[in-house]
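Colleague: I would like to learn how to read a model like this one, feature by feature. Could you walk me through it?

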Amino acid sequence: MDELGETRSRFLALYDHLKHDLMHDADIEFTEEMRLRVEEILDYNVPRGKLNRGLAVIETCKALKGDELSEEQFFLASVLGWCLEWLKACLLVLDDIMDNSQTRRGRICWYRRPKVGLNAINHGILLKTHTHRIFRRYFREKPYYLELTELCDEVGYQTSLGQMLDLVITHEGKNDLSKYTMQVYRRIVIYKTSYYSFYLPVACALLLSGEELGKYNGIKEILIEMGVYFQVQDDYLDCFGDPEVAGKIGTDIEDYKCSWLIIQALKLADDDKKQILYENYGKSDPISVKKVKNLYQELDIQGIFSKYEAESYEKLLAAIEAQSSSVMQEILKALLEKIYQRKK
């Protein structure tokens, strides 16, 4: 097993430990039925993804340390990493309801499961509160506890604002597609994706390693731009990716999403093509969806994306190599390589 595989294996092994902590909380009088339900919620939603955010905390801590982490250091980095995976699970459960999504990670969305439905809203809230309980149990006596909790709450707030912006703009776009601009798109993506997907794992690792976040404002900007690039990839895969590989069926066209693809199409389309978009974008019937996808192909959105991806990679790489810290260069390059030309 390679080093990354071993790290992942050790990280996964901690999941059951944290789950046991939560379901045997001395402050809560759990019934057996409650335990079974919580276990089902957790097992279905928390450990099933790529685990990139959680593993990024560990790998960043390793790079900052400069050698192997002690057992305690690895344990604490893993606990913190799982907190981010719990947060991710919460956001996905709620996001799928709001987007009326069908599948997630190769399976039916949690809220579409039998006897779940809108109870999933409460389950999403439960997942979020779990992160606070884990934080309190393992980090309360640490000198960085307050800053760590404030950081995670701040990023959670930013992500919620991003989701709100996404829904507001989608509602406005239903009346006027011209509302979908790159400026609007970037604002949504930075708040909804960049902070929690890229900045948060690295910032958590910095605090865990005793670093001051104020010293690393330069890398924050790079991580935010990495998040924008990541979301553009996500939009592209939603339309052109293989659902079997991506693990979900894309619904951005049906959901009237302010997607990078529709923004590019609106910039390139003549009046006749724009009319096709206005008449078909946001409709759930397969014929309308097909018309939009055909138009994307006519406008060579795939080629435009390939050019964007190559240019984004080069810009990010140049910004990373301009950093004075070789350690931070290593950390940022590792994150970039994980997402470059991804298929899921």
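Modeller: Happy to; we will go from the whole chain to single residues, bearing in mind that this is a predicted model.

Colleague: Let us begin with the overall fold. How many helices and strands does the chain have?

Modeller: The chain has 14 helices and two strands. Its C-alpha trace spans about 65 × 55 × 35 Å along the principal axes.

Colleague: How does the radius of gyration fit with a compact globule?

Modeller: The idea is to set the chain against what its length predicts. A compact globule with 344 residues would have a radius of gyration near 20 Å, and the chain has 21 Å, which agrees. Buried residues make up 50% of the 344 residues. As for contacts between residues at least 6 apart in sequence, 76% of them join residues at least 24 apart.

Colleague: Now a single helix, please. How do I read helix 14?

Modeller: Start with its length, then ask where its buried residues point. Helix 14 covers residues 326–339, and its 14 residues reach 21 Å from the first C-alpha to the last, close to the 20 Å expected at 1.5 Å a residue. Its buried residues are Met328, Gln329, Ile331, Leu332, Leu335, Leu336 and Ile339. Seen down the axis of helix 14, these buried residues fall within an arc of 165 degrees, so they line one face of the helix.

Colleague: Which helices do the buried residues of helix 14 pack against?

Modeller: They pack against helix 3 (52–65), helix 7 (182–208), helix 8 (217–240) and helix 13 (301–321). After helix 14 comes glutamine 341, with a positive phi near 55 degrees.

Colleague: On to the aromatic rings. How many aromatic pairs are there in the whole structure?

Modeller: A search finds 17 aromatic pairs. To classify a pair, look at the angle between the planes: over 60 degrees counts as edge-to-face. The rings of phenylalanine 75 and tyrosine 138 have centres 5.4 Å apart and planes at 70 degrees, so this pair is edge-to-face. Phenylalanine 75 belongs to helix 4 (residues 71–99) and tyrosine 138 to helix 5 (residues 119–139), so the pair ties together parts 63 residues apart in sequence.

Colleague: And are phenylalanine 75 and tyrosine 138 buried or exposed?

Modeller: The cut-off for buried is under 20% relative accessible area. Tyrosine 138, at 16%, is buried, while phenylalanine 75, at 27%, counts as partly exposed.

Colleague: Which residues do ring pairs link into a cluster?

Modeller: That cluster consists of Tyr229, Tyr236, Phe240, Trp260, Phe305 and Tyr308. Rings can also have a charge over them, as in two cases here. Arginine 10 lies over the face of phenylalanine 74, 3.6 Å from the ring centre, and the charged end of lysine 220 sits over the ring of tyrosine 199, 5.0 Å from its centre.

Colleague: Finally, how do I read one buried residue, say leucine 261?

Modeller: Find its element, its accessibility and its contacts. Leucine 261 is in helix 10 (residues 260–268) and counts as buried at 1% relative accessibility. Leaving out residues up to four places away in sequence, leucine 261 touches Asp235, Tyr236, Cys239, Phe240, Tyr296 and Ile301. Two of these contacts, Tyr236 and Phe240, belong to the ring cluster.

Colleague: What does histidine 130 touch?

Modeller: Histidine 130, in helix 5, is buried with a relative accessible area of 6%. Beyond residues up to four places away in sequence, histidine 130 touches Leu22, Val38, Leu42 and Trp86.

How values were computed: Residues numbered from 1 in each chain as written. Predicted model: local features only at pLDDT ≥ 70, side-chain atom pairs only at ≥ 80, totals over all residues. Heavy atoms only, no water. Phe/Tyr/Trp six-rings, centres within 6.5 Å; stacked < 30°, edge-to-face > 60°. Helix = DSSP H or I, 4+ residues; strand = E, 2+ residues; numbered from the N terminus. Buried < 20%, exposed > 50% of the residue type's maximum accessible area, 1.4 Å probe, protein only. Lys NZ or Arg CZ within 6 Å of the ring centre and 35° of its normal. Expected span 1.5 Å × (residues − 1). Arc of directions from axis to C-beta. Contact = heavy atoms within 4.5 Å. Rg over C-alpha atoms; globule rule 2.2 N^0.38 Å.
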